[in-house]
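Subject: Structure handover

Hi,

As promised, here is the structure for you to look at. Have it open while you read, and my notes on it follow below.

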Amino acid sequence: MAASEQKQLEFKVPNLEGVEKPIKNVIFRVSRFDPDRDREPYYRDYEVPVYRFTTVLDGLLYIKYNLDPTLAVRYSCRMGVCGSCAMIVNGRERLACKTNVLSLNSNIVTVRPINNLPLIRDLVTDLRPFFEKHKKVMPYIIRDDIEARQDREFLQSPAELNEYMMLTDCIKCGLCYSACPTTATDALFLGPQALAQAYRYTIDSRDAGAALRFDVVDDPHGVWRCHFAGACSAACPKGVDPAFAIQQLKKLLLYKRNAMKSRKPAPESEKVREGTSVEEVLKSMPKEWPSPPAPK
Amino acid sequence: MVRESTLMWIQYITGLGILVLGALHFASLTLLAPGGYPGALEYATVISRYTDPLWAAALEAFLALLSYHVFNGFRVLLLELNQGSGWTKAVNVTMALAAIAAFLYGTRTILVFHLGGAI
């Protein structure tokens, strides 16, 4: 079916005509790739009117809904929270929804998918290797008594919280993974995001899973393969500093391995949690979350 | 199986050792040479360093540190360039053997000169 015969899409980009005038037209040079048709990605140019507050994502959606509905782009929240629209804009890892087109100070905006992940189509990459590595470092509190009393909270001081607070801002967008030079050559390298989260949970005073995580990160393709290029921290749109966390994780492994392994996790609060118990919530949750079908 | 953290800890320590002994090595051949800088690299002057037990021991230690640091560094580079269990095993064994071979060959040179011989 030709593009012109396709059913009109219902969603429309807000029409700003009459409200304000476009400041200029910008060429969006977008990487295109259809696995059924193309052998390798190529760039295609589109002319997009840009207003004061037009973001790169707005531009891509303008293309999708006005110029070429076949453009594949992953996005969701449009406010820098979900991390879905991670891509490389004018050579740098950025969130498309957080990048104002005029701030790029260029009449050509080159957009391509993030590095180091398999390409599905156009700007959409397969994030499964990234999330598998995230899962591998056990990014959750591990302790023997966590299942026993679901109605309690664990005590933590503000100072203990500050130890890892910055790392909780990670939105798992994959920009650090794309920027990492080690990930570019070592497909088994855990990557900055997973290693930073390994540190985040290990240093958490409520956690007692250091030994388990050390086994995962102290590997020939683990934490030691980080060469401290710092590209991950420079790329992070949320101000997380994975490079710092990875060096701290190395320090834990060298100087505090035994202390961390034998550390007693924070005690439980005496106060019983109000409202629906965690056990009830867990009972109502599906045992396995449905996964999207694998790309061909 | 040795932990990666242990291998890398030794890598850092040997790196620091190489910095100290390497500086000493170059200084011994230049500023600290008998008679000073002029003629420091003359054959007799260099040989006099090898025949001195302390300098020979320093050279041997330098060689040991270099053998580990260089070949463990190669191992890291090669493991980053390619992946796979067979490749990992091959790289680990080859680099360990190469380090031992380099150390033994270097030791032979130091010993031969120390005992006054020539190759």
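Where the two chains meet, ten residues of chain B are in contact with 13 residues of chain A. On the chain B side, α1 (4-28) and α3 (53-81) each contribute at least two residues. The largest share is that of α1(B), with four residues. Sorted by class, the side of chain B that touches chain A has four nonpolar, three polar and three charged residues. Please keep in mind throughout that this is a predicted model.

Now for chain A as a whole. It has 296 residues, of which 34% count as buried. Eleven helices and nine strands are found in chain A, and its C-alpha atoms fill a box of roughly 65 × 45 × 40 Å along the principal axes. Among the contacts in chain A with a separation of 6 or more, 71% are between residues 24 or more positions apart.

Chain A is divided into two domains: domain 1 covers 10-125 and domain 2 covers 128-268. Their C-alpha centres lie 32 Å apart. Each domain brings 14 residues to the contact between them. On the domain 1 side, β3 and β4 of chain A are the elements that give two or more residues, and β4(A) gives the most, with three. That side of domain 1 is made up of seven nonpolar, four polar and three charged residues.

A good place to go next is the sheet that holds these two strands. It is an open sheet of five strands in chain A, in the order β2-β1-β5-β3-β4, with mixed pairing. Its edge strands are β2 (42-50) and β4 of chain A, each of which pairs on one side only. From one strand to the next, the twist averages 35°. Further in, β1 (residues 24-32) of chain A runs parallel to β5(A), and four bridges join them. One of the bridge partners to look for is A:Val111 in β5(A), which is matched with A:Val30. Helix α1 (residues 56-67) of chain A packs on the sheet and touches β1, β2, β3 and β5 of chain A. The direction of this helix makes about 100° with that of β2(A).

At the β4 edge, β3 (residues 86-89) and β4 (residues 92-95) of chain A pair in the antiparallel sense over four bridges. There, A:Ala86 has A:Leu95 in β4(A) as its bridge partner. The two strands form a hairpin with two residues between them, and A:Asn90 in the turn has a positive phi of about 45°.

While you are looking at backbone angles, there are other residues to check. Most residues other than glycine have a negative phi. A:Asn105 is not a glycine, yet its phi is positive, at about 55°. This residue sits in the loop between β4 and β5 (108-112) of chain A. Is A:Asn105 buried or exposed? A:Asn105 is exposed, because 7 other C-beta atoms lie within 10 Å, and a count of 12 or fewer is what makes a residue exposed. A:Lys172 also has a positive phi of about 55° without being a glycine. A:Lys172 is in the loop between α3 (158-162) and α4 (175-179) of chain A, and it counts as partly exposed because it has 19 C-beta neighbours inside 10 Å, while a buried residue needs 20 or more.

Last, the interior. The largest nonpolar core has 62 residues, and those with the most contacts inside it are A:Met87, A:Ala96, A:Val111, A:Leu195 and A:Leu249. Why does this core lie between domain 1 and domain 2 of chain A? Both domains give residues to the core, so it lies between them. Apart from this core lies another, of twelve residues, including B:Leu65, B:Tyr68, B:Val76 and B:Met95.

A:Val111 is a handy residue to centre your view on. Leaving aside neighbours within four places in sequence, A:Val111 is in contact with A:Phe28, A:Arg29, A:Val30, A:Ser31, A:Val56, A:Leu60, A:Met87, A:Val89 and A:Leu123.

Enjoy exploring it, and do write back with any questions.

Best wishes

Terms used:
Residues numbered from 1 in each chain as written. Chains lettered and ligands numbered in written order. Predicted model: local features only at pLDDT ≥ 70, side-chain atom pairs only at ≥ 80, totals over all residues. Core = buried A, V, L, I, M, F, W, Y, C linked by C-beta atoms within 7 Å. Domains from an automatic or database assignment. Contact = placed C-beta atoms within 7 Å. Pairing = 2+ DSSP bridges. Axes fitted to C-alpha atoms, helices over the stretch in contact; angles between N-to-C directions. Nonpolar A, V, L, I, M, F, W, Y, C, P; charged D, E, K, R; others polar.
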